[in-house]
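Welcome! Take a look at the model below, then work through the exercises at your own pace.

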2 protein chains.
Amino acid sequence: MAVTIKDLARETGLANATISAYLNGIPVREYNRIKIEEAIKKLGYIRNDYARGLKTHRSGTIGVLIPELSNVFSTTIITEIEECLRNKGYGIIVCDCRTDLHREEESVRFLLSKMVDGLIIMPVSTDKKAFAVAVQKNIPVVVIDRKTNSEDVSHIVINNREISREATERILAKGCRKIALVTGDTEVYTAKERKAGYEDAMRKAGVYDESFVKNGGLSVDGGYSATKEILAEIPDVQAIFVTNYEMTIGSIIAINEEGRKIGKDIEFTGFDKVEITSAFVPAMHTVNQPLEEIGRVAADVMTEMIEGACPRDIVLKAEIL
Amino acid sequence: MAVTIKDLARETGLANATISAYLNGIPVREYNRIKIEEAIKKLGYIRNDYARGLKTHRSGTIGVLIPELSNVFSTTIITEIEECLRNKGYGIIVCDCRTDLHREEESVRFLLSKMVDGLIIMPVSTDKKAFAVAVQKNIPVVVIDRKTNSEDVSHIVINNREISREATERILAKGCRKIALVTGDTEVYTAKERKAGYEDAMRKAGVYDESFVKNGGLSVDGGYSATKEILAEIPDVQAIFVTNYEMTIGSIIAINEEGRKIGKDIEFTGFDKVEITSAFVPAMHTVNQPLEEIGRVAADVMTEMIEGACPRDIVLKAEIL
DNA sequence: CAATTAAGTCGAAACGATACGAGTAGTGGG
DNA sequence: CCCACTACTCGTATCGTTTCGACTTAATTG
């Protein structure tokens with residue numbers, strides 16, 4: 001069957017252990033090195049990662065678990081995480097659990113059975129139950145995008161509430177009072193925080209009105225519908241603040257379709273780096289999450305934890321463009 | 001350390017082999033089953049796939065390799081593939097290679113080192129070099145979305161050329177003659193095919209004009225810019241046909257922004273299931289790829305091949321809505 | 001040149017699961 | 001009540017590495 005270390009040993013007349021040493025970068029005699037390298041080439045040896053992982057309990061792989069694969073936020077971060085970890089010699093295994101708690105836990109088990117050396121997770125809920133198994137097995141866990149009730153893991157989030165307050169205040173500063181919010185289900189940590197920031201600002205200005213808040217379900221068509229509703233129900237709405245990428249796209253389409261001009265008939269602030277923003281500048285603003293940075297920091301914190309560092313909580317800053 | 005089969009054996013008073021049997025679905029005595037299940041829950045046992053793979057030479061994992069994670073087409077298919085394979089007891093490992101040939105090959109090696117039982121790939125090029133290593137190792141390969149020059153693998157594609165021709169013909173039938181096309185880089189198989197279909201129809205009608213074709217780079221902002229250009233350069237353009245989801249979104253924004261009404265001032269056909277389509281119906285049409293079906297068929301063909309079936313070439317049909 | 005030290009090499013025991021032939025309960029018929 | 005037969009269950013070898021203490025070289029030194 002497959003070529004093993006034993007075949008190399010037989011071929012070279014050396015012991016298994018010596019071959020293994022060579023393969024792991026431990027120095028061997030010059031003439032042995034040559035013999036081994038020749039044998040490897042001749043027999044076409046490839047290391048069996050299973051045997052190795054079984055023995056070492058390490059896989060060189062990090063598990064990445066997210067609720068949905070279908071949004072720009074997740075995929076951008078994943079791409080960056082992969083890039084960084086790859087540079088450090090790690091590969092990643094990605095799972096999405098479709099925002100399903102049961103599947104989430106199942107996925108954690110799947111990843112653990114693959115012997116991942118660490119777990120980066122964007123949890124469905126704020127409960128630590130999802131990744132408890134991993135923590136219990138002493139596997140480093142980095143949680144991104146959401147705070148949870150666990151102290152054993154690192155958290156990497158952005159200043160959702162503040163930045164949303166600030167974005168709302170900026171709109172208020174322009175003299176707008178009727179400012180609508182398109183947000184996600186407030187069960188979700190980020191949606192809740194962003195709504196809270198908006199509410200902070202609106203209440204302070206004494207213009208908060210629950211009916212100005214619509215749930216856009218975090219999707220393009222949800223953002224589209226929510227915006228349509230807003231425009232219909234509040235004809236004199238002066239501004240709209242949308243709190244994620246997909247809904248922003250949907251919202252723009254709806255506004256345009258209704259014949260209103262962003263920056264002229266209506267103020268608009270979206271979320272995440274909408275590539276087409278440049279074409280709207282300065283008419284449209286966006287709250288820009290440092291997606292790449294989130295990915296990079298997650299990867300860094302992960303490798304630090306693998307090397308024994310303690311969990312850390314990091315808050316990154318979004319900016320308004 | 002980690003909980004092993006031996007711990008379960010000690011806990012239950014049974015032999016390793018019996019536990020293993022249970023874990024592999026071989027029937028055990030009712031009262032033993034209960035004991036085992038309790039022990040698993042109590043100790044938090046998770047099977048060590050590495051030990052298992054070492055022994056069985058199988059991993060229960062399929063590798064999925066795509067050029068980009070950042071488009072709806074890929075992510076929808078991946079989600080479906082995962083769903084189907086999960087139901088058959090397989091997990092998936094996803095890699096994206098950022099449309100980089102070098103990374104692509106590297107990723108194939110990575111996946112092989114993870115001992116995947118099969119490889120589902122959306123290759124960057126039409127050359128079989130990318131997955132040659134896998135084929136050589138006798139690992140089943142399913143190629144989706146693109147045809148390659150390999151006979152050792154299964155191909156699952158849609159009728160790109162025909163459906164694009166048909167979509168174009170439908171627009172022509174409405175009396176339009178100046179029909180612009182927003183496409184991707186024609187190095188890409190699907191972009192090439194779709195452009196070819198458009199060209200077929202336009203030439204047949206005697207109205208083909210190279211300057212009506214714009215490259216939208218497959219992205220939202222690319223589609224936006226390309227459409228802006230079209231509207232500026234061909235003021236009397238009568239219709240626009242866009243050939244992927246992201247560009248469709250960008251294009252719609254651009255058209256709206258220029259104050260033209262889809263279905264009234266301009267005919268519009270997009271690509272892929274744009275969720276907000278319903279709001280435009282019947283003003284806007286879309287070429288609908290059976291994304292879920294692609295994923296499902298890919299998963300089916302993969303498991304068939306693992307069980308020894310020969311490679312197959314399957315062409316699925318897109319529809320115009 | 002003997003003694004010491006450093007540098008490589010060795011053999012065998014794990015790692016945690018599965019496979020296989022052999023053994024032991026449980027079941028039903030005579 | 002026993003025998004044959006089915007249906008589990010058992011012990012152990014094995015997969016391909018790494019690990020570890022012991023051992024053998026080679027190099028260094030007084």
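**Exercise 1: Meeting the DNA**

A polar backbone atom of N48(B) lies 3.1 Å from a phosphate oxygen of DNA strand C, where a polar contact is a pair of N or O atoms within 3.5 Å. This is a predicted model, in which local features need pLDDT of at least 70, side-chain atom pairs count only at pLDDT 80 or more, and totals for chains, interfaces and linings use all residues. Residues are numbered from 1 along each chain as its sequence is written, chains are lettered from A and ligands numbered from 1 in the order in which they are written, and side-chain values use heavy atoms, leaving out hydrogens and water.

Task: find which parts of DNA strand C the side chains of Y45(B) and K55(A) approach.

Solution. Start with Y45(B): an N or O atom of its side chain is 2.7 Å from a phosphate oxygen of DNA strand C. Next, the side chain of K55(A) has an N or O atom 2.8 Å from a base nitrogen of that strand.

**Exercise 2: Placing Q238(B)**

Task: say where Q238(B) is found and whether Q238(B) is buried, partly exposed or exposed.

Solution. First, locate Q238(B) in the loop between helix 10 (220–233) and strand 8 (239–242) of chain B; helices (H or I, at least four residues) and strands (E, at least two) are DSSP runs, numbered from the N terminus. Second, its relative accessible area is 30%, so Q238(B) is partly exposed, the class between buried (under 20%) and exposed (over 50%), using a 1.4 Å probe and protein chains only. Finally, the C-alpha atoms of Q238(B) and I171(B) are separated by 9.3 Å, although these residues are 67 residues apart along the chain.

Terms used
Polar contact = N/O pair within 3.5 Å; in protein donor to acceptor, adjacent residues only side chain to side chain.
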